[in-house]
Amino acid sequence: MTRYIVTFLLFALCFCPYVGAQSNFEIGEKFLNQNELKKAKSVFKEFPNDLKALEYLGDIAGFEKRWDDAISYYEKLLEIKPDSPKYNFKLGGAMGMKALEISKLKAALMIGDIKTYLNKAAELDRNHAEARRVLVELYMQLPAILGGSKDVAEKFKAELHNINKVDAYLAEAYIHKYEGNEELMETAIKNALQQALNNKDLVERNYLNYELGERAATLKIMPDAAIYFLQEYAENYNYKDLKSPAWAHYHIAQIQASQNNQDKALTHVNKALANKFNFPEAEKLKRQILEM
């Protein structure tokens, strides 16, 4: 019996800290899923060598638009796993977002690295739809002197048709919009909406819900579908998403107002104002709704 007790105590001493650590990590993930990012961040910082913790910290930094911190976390991950399509994509994406907020000269100096990481993500994962979506936009936006190319953008768009039709039609719509062809852009958006309605599994990322709903609302097409996708976005909003749910409610309010549904429009514009501080567009819309 004494030998059994000693064995049990040794087991407890060796493994209890590990069990506790695992429990703490799961608590951090729970905070993250509840969008309590400050609490989640403090937990994940207790695991400086854990790949998942580093990724979460990078994602949180990106959500908070702390691009240098996000880049630093993703660079650490790539040092450990240089052939990870996910880490290459996240590093390229964070660099791209930073480039949007700095001077054009400094941004131009980052283009080479951004293209390298995003292209590597696409090469490593033949089904990486998100990387290809970003690359379509990047190659359309860049001037030829910095490597921009419609042909390359079209290549990635074509690949998307074999991966995810919703992403493919949204990429096509972007190309048409960039070239100023409003009619073809609208047709592509309608195709994307129809694909998503026919097969909800194609909406693989919550942000796709926002893209679909926002574009339909802006073009004033398929209002029921627009409301559906925007509501889905708001209900499933999390730290991976780029737009505040306030914008989803704002667009729903616009649609409801256009249909003379004053009560529903007012409900959603109030939700928009509750979710976003200093929202002049929503304040103006509310005034218009109250005058209906």
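A residue counts as buried here when its relative accessible area is under 20%. Keep that cut-off in mind as you walk through this predicted model.

**The whole chain**

Start with everything shown as a cartoon. You should find 15 helices and zero strands in the protein chain. Along its principal axes, the C-alpha trace spans about 80 × 50 × 40 Å. Of the 292 residues, 42% are buried. Now think about contacts between residues with a separation of 6 or more: 52% of them join residues 24 or more positions apart.

**First stop: helix α8**

Select residues 150-160, which form helix α8. Which residues of α8 are buried? Colour Ala 153, Phe 156, Lys 157 and Leu 160, and you have them. Because these four cover an arc of only 105° around the axis, they sit on the same side of α8. A general point helps here: an α-helix has 3.6 residues a turn, so residues three or four places apart point the same way.

Next, bring in what covers that buried side. Among the elements doing so are α6 (104-124), α7 (129-141) and α9 (165-178).

**Second stop: α8 against α9**

Keep α8 on screen and look at α9 beside it. The two helices pack at an angle of about 155°, and their axes are 8 Å apart. Angles over 145 degrees count as roughly antiparallel, so α8 and α9 are roughly antiparallel to each other. The crossing of α8 past α9 is left-handed.

Show side chains to see who meets whom. From α8 come Lys 150, Ala 153, Glu 154, Lys 157 and Leu 160. From α9 come Lys 165, Asp 167, Ala 168, Ala 171, Glu 172 and Ile 175. By class, this contact has five nonpolar, no polar and six charged residues. Notice that Ala 153, Lys 157 and Leu 160 take part in this contact, and that they are also among the buried residues of α8.

**Third stop: two buried loop residues**

Step back to the loop between α7 and α8 and select Gly 148. Is Gly 148 buried or exposed? With 18% relative accessibility, Gly 148 counts as buried. Setting aside residues up to four places away in sequence, Gly 148 touches Tyr 139, Leu 142 and Pro 143. For a distance to try in your viewer, pick the C-alpha atoms of Gly 148 and Val 136: they are 9.9 Å apart in space and 12 residues apart in sequence.

Then move to Arg 205, in the loop between α10 (182-198) and α11 (206-219). Arg 205 is buried too, because its relative accessible area is 18%. What is Arg 205 in contact with, leaving aside its neighbours within four places in sequence? Select Ala 129, Glu 130, Arg 133, Asp 167 and Glu 211 to see. You have met Asp 167 already, in the contact of α9 with α8.

**Fourth stop: α4 and α5**

Select residues 67-80 for α4 and residues 85-99 for α5. Their packing angle is about 160°, with the axes 9 Å apart. That angle makes α4 roughly antiparallel to α5. The crossing of these two helices is left-handed.

On the α4 side, the contact is made by Trp 67, Asp 68, Ala 70, Ile 71, Tyr 74, Glu 75, Leu 77 and Leu 78. On the α5 side, look for Tyr 87, Asn 88, Lys 90, Leu 91, Ala 94, Met 95, Met 97 and Lys 98. Coloured by class, the contact shows 11 nonpolar, one polar and four charged residues.

**Fifth stop: α12 and α13**

Now choose residues 223-235 (α12) and 245-258 (α13). They pack at about 155°, with axes 9 Å apart, and are therefore roughly antiparallel to each other. Here α12 passes α13 in a left-handed crossing. Residues that α12 brings to the contact include Ile 227, Leu 230 and Tyr 233, while those from α13 include His 249, Ile 252 and Ile 255. This contact has 10 nonpolar, four polar and no charged residues.

**Last stop: two asparagines**

Most residues other than glycine have a negative phi. Asn 260, in the loop between α13 and α14 (262-275), has a positive phi of about 60°. Asn 260 counts as exposed, at 62% relative accessibility.

Finish at Asn 278, in the loop between α14 and α15 (280-290). Its phi is also positive, near 60°. With a relative accessible area of 56%, Asn 278 is exposed.

Conventions. Residues are numbered from 1 along each chain as its sequence is written. This is a predicted model: local features need pLDDT of at least 70, side-chain atom pairs count only at pLDDT 80 or more; totals for chains, interfaces and linings use all residues. Side-chain values use heavy atoms; hydrogens and water are left out. Axes are lines fitted to C-alpha atoms, for helices over the stretch in contact, and angles run from 0 to 180 degrees between N-to-C directions. Angles under 35 degrees count as roughly parallel, over 145 as roughly antiparallel, 65 to 115 as roughly perpendicular and the rest as oblique. A crossing is left-handed if the near helix is turned anticlockwise from the far one by less than a right angle, and right-handed if clockwise. Contact means heavy atoms within 4.5 Å. Ala, Val, Leu, Ile, Met, Phe, Trp, Tyr, Cys and Pro count as nonpolar, Asp, Glu, Lys and Arg as charged, and the others, Gly among them, as polar. Buried means under 20% relative accessible area, exposed over 50%, partly exposed in between (1.4 Å probe, protein chains only). The arc is that of the directions from the helix axis to the C-beta atoms.
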